[in-house]
Amino acid sequence: MALHKQIIVIPARYESVRFSGKMLATILGKSLIQHTFENAKRSKLVKNILITSDDSRILNHAKDFGAQVVKTPKSTPNGTTRVFQALEKAKITTKEAIVINVQGDEPILNPKSIDKLFSLLENDPKIKMATLVTPIKDQKSLEDSSVVKCVFDKNLDALYFSRSSIPFMKEKTQAYQHVGVYAFRFSFLETYCKLSASPMQKAEDLEQLKVLEHGYKIKVIVDKSPAIGVDEPKDLKKVEKYLCR
């Protein structure tokens with residue numbers, strides 16, 4: 001296969017604690033996973049897109065709408081490891097590749113934001129991993145455990161991610177929501193998969209925390225584009241409303 005240096009991989013699970021089968025749920029006549037795939041294709045820098053899953057229903061459906069698919073094992077511990085397995089199996093990458101993990105339940109992620117991540121890693125070889133955050137505009141989102149919050153330092157390196165409301169608001173300050181997308185250098189993606197699970201990763205059920213706990217940095221891009229991930233059935237209506245608008 002041809003080698004590519006800008007790759008998007010979309011891991012898609014059928015089972016979900018809050019919303020089983022959500023990848024195949026319909027929004028305006030198309031499945032959630034199809035919306036996510038077609039939206040990711042609007043990136044101007046991406047060279048190849050894969051959908052990976054352990055579930056044949058998702059993979060067969062993705063093939064029907066023209067996606068390249070890779071089956072990965074049910075035993076895979078998390079989405080990022082699934083991304084690495086898919087790339088190894090597909091043999092379409094190089095060690096220098098920049099890989100963006102777009103969560104399958106992020107159907108309205110701004111393609112320009114994806115390209116910002118590609119460009120960030122392309123222009124700064126010291127950055128191993130990066131992600132997006134967006135300002136939180138309401139108290140309900142700040143208190144919602146399905147909305148992951150992020151705090152970061154003046155250099156835009158992540159300090160912590162949490163399902164809890166952070167930072168504590170002794171004085172009014174801006175809080176930020178983490179958006180479900182990660183950019184990796186392929187070489188660091190390989191390193192990530194070798195890292196042992198960490199205490200805060202397990203406590204918060206957030207796979208990115210083991211990167212911080214093992215002493216690596218995650219660069220943050222502050223992006224003001226809307227962030228509507230689908231965690232529960234009610235979120236489908238939010239996405240539908242946005243797409244109609």
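Where in the protein chain is confidence lowest, and where is it highest?

## Model and confidence

This is a predicted model. Confidence is lowest in helix α9 (residues 234-244), where the mean pLDDT is 86. Strand β9 stands at the other end, with the highest value, 98. For the protein chain, the average pLDDT is 91, and 98% of the residues score at least 70.

## Helix α3

Helix α3 covers residues 79-90. Its end C-alpha atoms are 16 Å apart, which agrees with the 16 Å that 12 residues should span at 1.5 Å a residue.

Nine of the 12 residues in α3 are buried, so the helix is mostly covered. The buried residues begin with the run Gly-79, Thr-80, Thr-81, Arg-82, Val-83 and Phe-84. Ala-86, Leu-87 and Ala-90 are buried as well.

Both ends of the helix have a local feature. At the start of α3, the backbone nitrogen of Thr-80 has a side-chain oxygen of Asn-78 within 3.3 Å. Just after α3 comes Lys-91, with a positive phi of about 55 degrees.

## Strands β8 and β9

Strand β8 (residues 149-152) and strand β9 (residues 158-162) run antiparallel and are joined by four bridges. One of the bridge pairs places Phe-152 opposite Ala-158 of β9. The two strands form a hairpin with five residues between them. In this hairpin, Leu-156 takes a positive phi near 65 degrees.

## Lys-149

Lys-149 is found in β8. This lysine is buried, yet has no salt bridge. What is the nearest side chain of opposite charge to Lys-149? That side chain belongs to Asp-144 and is 6.4 Å away; a salt bridge requires a distance within 4 Å, so this pair does not count as one.

Backbone oxygens do lie by the side chain of Lys-149. The backbone oxygen of Asp-144 is 2.8 Å from a polar atom of that side chain. A second backbone oxygen, that of Arg-163, lies 3.0 Å from a polar atom of the Lys-149 side chain. Asp-144 therefore appears twice in this description: its side chain is the nearest of opposite charge, at 6.4 Å, and its backbone oxygen is in polar contact with Lys-149.

## Gln-34

Gln-34 is found in helix α1 (residues 32-40). Is Gln-34 buried or exposed? Its relative accessibility is 13%, so Gln-34 counts as buried, the cut-off being under 20%.

Met-23 is 11 residues from Gln-34 along the chain. The C-alpha atoms of Met-23 and Gln-34 are separated by 8.4 Å.

Conventions:
Residues are numbered from 1 along each chain as its sequence is written. This is a predicted model: local features need pLDDT of at least 70, side-chain atom pairs count only at pLDDT 80 or more; totals for chains, interfaces and linings use all residues. Side-chain values use heavy atoms; hydrogens and water are left out. The expected span of a helix is 1.5 Å times one less than its number of residues. Buried means under 20% relative accessible area, exposed over 50%, partly exposed in between (1.4 Å probe, protein chains only). A polar contact is a pair of N or O atoms within 3.5 Å; within protein, one must be able to donate a hydrogen and the other to accept it, and residues adjacent in sequence count only if both atoms are side-chain atoms. Two strands pair if DSSP finds at least two bridges between them. pLDDT is the predictor's confidence in each residue, from 0 to 100.
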